[in-house]
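Here's a quick briefing to read alongside the structure. Have the viewer open and hop between the bullets as you like.

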Amino acid sequence: METTKLPPSSPSSPTTSFSVPSAEKVDGFPRRSMRRARQRRSHSSSQFRYQSSQVELTPLPLLKDAPVAELHDLFCKKLQQCCVLFDFLDCVADLKGKEIKRAALNELVESVATSRGVLIEPLYPEAIKMISVNIFRTLPPSENPEFDPEEDEPTLEASWPHLQLVYEFFLRFLESPDFQPSMAKRYVDQKFVLQLLELFDSEDPREREYLKTILHRVYGKLLGLRAYIRKQINNIFLRFIYETEHFNGVAELLEILGSIINGFALPLKSEHKQFLVRVLIPLHTAKSLSIFHAQLAYCVVQFMEKDATVTEYIIRGLLKYWPKTCTQKEVMFLGEIEEILDVIEPSQFMRIQEPLFKQIAACISSPHFQVAERALYFWNNEYILSLIEENCQVILPLVFATLYRVSKEHWNQTIVSLIYNVLKTFMEMNSKLFDDLTASYKVEKQKELKRERERAELWRGLEEYQERRMQMLTEAARNQRNLQDPKTIAEPTNRHIDAGAGTFLL
Amino acid sequence: MAGADGDDSLYPIAVLIDELRNEDVQLRLNSIKKLSTIALALGVERTRTELLPFLTDTIYDEDEVLLALAEQLGNFTMLVGGPEYVHCLLPPLESLATVEETVVRDKAVESLRKISQEHSPVDLEVHFEPLVKRLASGDWFTSRTSACGLFSVCYPRVSSTVKAEIRQHFRTLCSDDTPMVRRAAASKLGEFAKVLELEYVKSDIISLFTALASDEQDSVRLLAVEACVSIATLLPQEDLETLVMPTLRQAAEDKSWRVRYMVADKFSELQKAVGPEITKNDLVPAFQNLLKDCEAEVRAAAANKVKEFCENLPEDNREQIIMTHILPCVKELVSDTNQHVKSALASVIMGLSTILGKDNTIEHLLPLFLAQLKDECPEVRLNIISNLDCVNEVIGIRQLSQSLLPAIVELAEDAKWRVRLAIIEYMPLLAGQLGVEFFDEKLNTLCMAWLIDHVYAIREAATCNLMKLVEKFGAEWAQNTIVPKVLGMANDPNYLHRMTTLFCINALSKACGQEITTKQMLPVVLKMSNDQVANVRFNVAKSLQKIGPILDSNALQTEVKPVLEKLASDTDMDVKYFAQEAISGFKEMMSCVIPHPPDCCALSWSVMERGQISCKLLLITVPHPN
């Protein structure tokens, strides 16, 4: 799965890749509405209303022509000039101003990137202010409420021509050799970071790509913010999992986390373990898992490679959230399990083999051939095969009945032949055990049927008993009522008997 | 109860617990859903001492099982021995209220709220309130979130010292570190305010409300808007200006569109809560701003409220406010760039005519209606058409009919079949409003054209539409205008159209009555039994079964029966099947009603068809021949 769609260096042009969103395609509407839809494809944030009347920009002298003494002053003026915002939805409005700002931003980017000694302390607040004013905005409502990141074209940010340069400037600013974290931390504070994180919800992949790199740099350079950033990412994920199920930047945040986890010190802090168990594992429940599964699986494997003792939590967590109805997700889970098994320690493997192979057996008997096939592929993996061989005594009895049954029943020939191969492997591994299991298969099946009958019997008895009790209760209530004088009938205890009796019926 | 407990030994707890532990999730789930059966088998005492501890200890199951458990425990009071023992249910529910999955937690909280009512005031303080406190100071956000929903149920019934503690806990959660908890607290703020004494509403709630309404996260701020409604309702009028309005004004101007959307969405409730004076001074300009908001989402939410807002304005200067402040904004919205905004407006704008009266409607609203009837978006036009009745009452529909017709025709021929379907559904309404003459002149052809639409759903709706029209205009009208055309289609070369004839007959026969059915429709149906397409033939059988009850028994015997018998020996399997179905249907009918005059038969069956009298009832009232 591709991890990064659009690297910052090659942002796709917003004007070339327009296609009509699928919702409009089926409409069969005349052309004019399609044109309208196309115009609405890019959107802008709702901040214009709050801006005071537009200032007319006048071009300033070029930075490279400025005498050294005036350089910083001019730099500052350019930063202030770039604080003016333009309406990009109206593409012909104030073209001159837009061009002046674009040129100024370009100059600022180049200056920060190439010349040394530009970033002096007084510039920090101005630079951060310019960045804040431009990038921090309430993201507009999604054009398409059922936006499916896999199917639909994302809505692109209209003001990207300026926004991109601002992000570029921010990135160069952070990467500049002159950059002083001790000065920056006064302006790049918790509030700033929180707003930065909220922007990850942007539908525009180009913006998220910049944000990812920028946040990574901030995390790397401003040590005081690290814990805070992790906590806020936690909150974003928890909200995504349990409240909204919608956040566009999950994959990007996970990608950053992947490298953060890589740098965790050993032994793992309990905060980090909690993050794994209570945030990363539950992320697997998301409906849109396919969009960020590669990054998520990477994070999970990173954790295991750091500290093998978390293996059991991970596998048990995945088993708990194993998809029940979505076969597409089931295949993803199986893929992740294989990635995990690839690096699992044999001692850890023994701790989880039982529940794990029960699930694998269930997958093998899935009527969806891709699920069964994906599970059976485990036997093609040499490392996994060696683990199975070592624990053949445990694993073979767990999967034998399923393999035996599915080999006779599955509709798909590929699955049947894969199963024959697996059975053959097992026969070669431990022919004695294999023969024993074959012999006892029928007996086991009979036992199972017997247990099943006993269960049914038990419940029938229970239900009969319940009926008798119900009758007794209602009779008792009636007798009690007859004994009492009419006034006391409405006593709470009496009513509760009735209410209780009512619930038994359910 | 003592006697019943004697059976306890029947079921060893181990067996039952095995059921609850079964390896198969589905079986476990089934067992949990029948938990009350198990508890009943154990009796109240052992349920308390054995079953509940087991349940409390093993809450590490699949969320689905936990959800079922949380729900069950809410109805368990009687099974543990009644209200005096209800506190035994708290430990398992407490654990459930801390799990990660929201639905499970919510269900646990719901059950806790339910059983809190069954606690005596003493038990509430001894058992329930400590639980709330534990949850409120839990480590992980889930338990604190759950606690937010429990304060309001125990507050009214505890002593004043405990009340003070509860208030303190709520305050703490409102400024919790995690936004999830603050959201939960904000969403319960209104509910909690309602159970507080007024002095504490003023001293505590207002400060919390102000803080939440200026939270750094818009998801928290927008929930404060909801609380605003409840709080404003609780406070005396004179305090609103100082305590609530600054926050509300700020919310209406919030930089996040989500918050402004919430204000727009709750506008009618807010308007009622703050009363007429503040509405005039504050809400009118705020509403104007929302109608002009830069986000379409907000404009649409506000547009939806236009009618309600205007209706609830103080009557003394309602008209003036609408004319000078609201109407100009509404006029702009008619040509909004966003179709959702326009269609939201179209769904309520007609309602303004009753408020503004005839003259204003003609002068100011009519041009807007006409503009919307010509809107490029079909939904806008449909919304206008579907609300015609409001205007009809005020100015009569004639004013509109000239513009209406092109709009209807265009919708009727829209490329999207769902749009066509929607307009068909308004046809009976339109027919009623426009009258039979206008209908015959302009709309009848449309209604007939839909019968040969290439989408089945449209043909089906068109058939149903004809039935409603006949119900409205009467059998005689049907005979003159519709029936000939419908029957004419029986000779159409397209078998789908021939089948439409049959479907129409099925629908119309009841409304047209025995005479038309027997004399005009039946011959056509019978003739179609020779159709070369099997689908048509078996639909003939179905139609005959359908219209049989309306025919007189003579026609049934002499005309219908032979045809059905012929069809019953058809070469096609399906034709045979449906013919036999029809024959056996008639036999059943005949066996009941033969001793009665044919009229009675027809009557009683047609009544039954409408579903007003059940079959059983009929069999009782009509004496059986044997």
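What follows covers the contact between the two chains, then aromatic rings, then some backbone oddities.

Keep in mind that this is a predicted model. The headline is the contact between chain A and chain B, which buries about 5,000 Å² between them. Beyond that, there's a fair bit to look at in the rings and a cis peptide bond in chain A.

**Where the chains meet**

- The size of an interface is often given as the accessible area lost when the parts come together.
- For chain A and chain B that figure is about 5,000 Å², with 56% of it on carbon and sulfur atoms.
- Chain A puts 46 residues into the contact, and chain B puts in 59 residues.

**Salt bridges and polar contacts across the contact**

- Five salt bridges are counted between chain A and chain B.
- For a salt bridge to look up, try R278(A) and E100(B): their side chains meet at 2.8 Å, N to O.
- Polar contacts between chain A and chain B come to seven residue pairs, with both residues at pLDDT 80 or more.

**What chain A brings to chain B**

- Several helices of chain A each supply at least two residues of the side that touches chain B: α2 (31-40), α8 (190-198), α10 (226-244), α12 (270-280), α21 (431-483) and α22 (492-505).
- The largest share of that side comes from α21(A), with 11 residues.
- By residue type, the side of chain A that touches chain B divides into 17 nonpolar, 16 charged and 13 polar.

**Rings**

- Over all chains, the count is 35 aromatic pairs.
- Which residues form a cluster through ring pairs? Take a look at Y124(A), F169(A), F173(A) and F179(A), which are linked that way.
- In chain A, the charged end of K98(A) sits over the ring of F88(A), 4.6 Å from its centre.
- Chain B has a charge over a ring too: the charged end of R48(B) sits over Y85(B), 3.5 Å from the ring centre.

**Backbone spots in chain A**

- Most residues other than glycine have a negative phi, and most peptide bonds are trans.
- The peptide bond from L266(A) to P267(A) is cis, with omega near -10°.
- You'll find P267(A) in the loop between α11 (250-262) and α12 of chain A.
- E245(A) isn't a glycine, yet its phi is positive, near 60°.
- Look for E245(A) in the loop between α10 and α11 of chain A.

Conventions. Residues are numbered from 1 along each chain as its sequence is written. Chains are lettered from A and ligands numbered from 1 in the order in which they are written. This is a predicted model: local features need pLDDT of at least 70, side-chain atom pairs count only at pLDDT 80 or more; totals for chains, interfaces and linings use all residues. Side-chain values use heavy atoms; hydrogens and water are left out. Contact means heavy atoms within 4.5 Å. Buried area is the accessible area (1.4 Å probe) that two parts lose on being put together, summed over both. A salt bridge is a side-chain nitrogen of Lys or Arg within 4 Å of a carboxyl oxygen of Asp or Glu. A polar contact is a pair of N or O atoms within 3.5 Å; within protein, one must be able to donate a hydrogen and the other to accept it, and residues adjacent in sequence count only if both atoms are side-chain atoms. Helices (H or I, at least four residues) and strands (E, at least two) are DSSP runs, numbered from the N terminus. Ala, Val, Leu, Ile, Met, Phe, Trp, Tyr, Cys and Pro count as nonpolar, Asp, Glu, Lys and Arg as charged, and the others, Gly among them, as polar. Rings of Phe, Tyr and Trp (its six-membered ring) pair if their centres lie within 6.5 Å; planes under 30 degrees apart count as stacked, over 60 as edge-to-face and the rest as tilted. A charge sits over a ring if NZ of Lys or CZ of Arg is within 6 Å of the ring centre and within 35 degrees of the ring normal.
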